[in-house]
There are 2 protein chains.
Amino acid sequence: MANIEHTDEIFRHFEKYIRLSDSLKNELTNRLVFKTFKKGEVIHKAANICKKSFFIQKGLMRTYFIKDGKEITEYFSAENEWINSPRSFMQQQLDIYNIDTLEQTECFCLNVNDLVFLFNHFPEMERYARLSMGTVFGHFLERITSMRFTTAKEKYQHFCETYHDIYHRIPLGMVSSYLGIAQETLSRIRAEK
Amino acid sequence: MANIEHTDEIFRHFEKYIRLSDSLKNELTNRLVFKTFKKGEVIHKAANICKKSFFIQKGLMRTYFIKDGKEITEYFSAENEWINSPRSFMQQQLDIYNIDTLEQTECFCLNVNDLVFLFNHFPEMERYARLSMGTVFGHFLERITSMRFTTAKEKYQHFCETYHDIYHRIPLGMVSSYLGIAQETLSRIRAEK
DNA sequence: CTTAATTTTTGACTTATATCAAAAAATCAT
DNA sequence: ATGATTTTTTGATATAAGTCAAAAATTAAG
């Protein structure tokens, strides 16, 4: 079993944006808690304030909310990405999002208090957060663009392109709610291809 | 004419997120250049790398791109908001966005080099950027949610709510492209109300 | 394995919204 | 002001995609 914790990957992720000093590496190592979840576990519930952020080393998670009794996927997160309920985690307030796993998932867990400590003692962590957020920001802009003026088919194609490593691992119903199209429509689109 | 520059507003904006030291205030004052644009001026063109960010003190701007020869509005920015071509400005690369003014607009202009200087010498500026970005991030999430599973009418209503201070100042065609609905449809929605 | 539960597909029908075209209204320029 | 642009509205029609319902396929459970 590859159930071994490697800070390698997460450090490499940080180093895409900042240089990691030895002391920061140390503090990170002390605070990052390695966890394994099995498929289908609910990691965060909307009823709670989000206290933890997860860096996915292996596996797949989704952020979703409930509308008219149905689960609507907001986005998917896979290897080398952080996942949390953004506003709930950053502002320590309630929000609508739940998080669960779509596969067995290995990740590092970082507590909000530990993150605050890191922000307060390592200015480069602020920079890291700003820059990595910028990356996500760009993806959001693209997504907003792709949602307007595109047919259901184009939406699905764009989805397969941006999520090409993981799109085949996700049940159809979750993809359709993510894209904002009916499950039946997505099924037909897939069939014709 | 109220064509007077006040750092009051922009400082208050910063202070929603961080405490401004006197030395940072000084550096900001030295670097922020007050500018006035008249209605319809193109402030940034997609053909160029974005070198400047504008903090709007009074007025209204829009970020848009060209698709099939038509202008598609990505978003609007009004009083007490920054506007730039995000990826172009932060990563100094080309992107698709143009920016122009919808009204006579008074703003502070900050050069990318000056911002880099501030980031390098004032860690609290990194924090400011991270936190304020978080706010915009939240708006984006809401917008993405509002675009899926909503009728054209609901989209328009949501728009009027979130942009309630400025929605009546914006031409219908720009609103429709922002919402991703046909101009004719939006006209009919407005009429029935 | 066999049955039960869940997810996906297929079919028939409906509807919201896009498109095309032209008239009306508003804004701009001389 | 007056004519010329530009923007918005109105009308007729087409179509992509939603909805409802049931069958097929897949996955989970005993």
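**Notes on the protein–DNA contacts**

1. Let's start at a base: an N or O atom in the side chain of E184(A) sits 3.2 Å from a base nitrogen of DNA strand D. That is a polar contact, meaning a pair of N or O atoms within 3.5 Å (within protein, one must be able to donate a hydrogen and the other to accept it, and residues adjacent in sequence count only if both atoms are side-chain atoms).

2. Before going on, some ground rules: this is a predicted model, where local features need pLDDT of at least 70 and side-chain atom pairs count only at pLDDT 80 or more, while totals for chains, interfaces and linings use all residues. Residues are numbered from 1 along each chain as its sequence is written, chains are lettered from A and ligands numbered from 1 in the order in which they are written, and side-chain values use heavy atoms, with hydrogens and water left out.

3. Back to DNA strand D, where arginines from both chains turn up. R188(A) has a polar side-chain atom 3.2 Å from a base oxygen of strand D, and R188(B) has one 2.9 Å from a base nitrogen of strand D.

4. How many residues are around DNA strand D? There are 16, and A152(A), T185(A), L172(B), S187(B) and R188(B) come nearest. Here "near" means that a heavy atom of the residue lies within 4 Å of the strand. Helix α8(B) gives the most to this surface, with five residues. Helices are DSSP runs (H or I, at least four residues) numbered from the N terminus.

5. Now look at DNA strand C, which has 17 residues around it. The closest are L172(A), S187(A), R188(A), A152(B) and T185(B). For this strand, α8(A) gives the most to the surface, with five residues.

6. Follow the phosphates of DNA strand C next. A polar side-chain atom of T185(B) is 2.5 Å from a phosphate oxygen of strand C. Backbone N or O atoms also take part: one of A152(B) lies 2.6 Å from a phosphate oxygen of strand C, and one of G173(A) lies 3.2 Å from a phosphate oxygen of strand C.

7. What share of the strand C atoms within 4 Å of the protein belongs to sugar or phosphate? The figure is 53%, and the rest belong to bases. For DNA strand D, 53% of the atoms within 4 Å of the protein belong to sugar or phosphate, with the rest in bases.

Key: Helix = DSSP H or I, 4+ residues; strand = E, 2+ residues; numbered from the N terminus.
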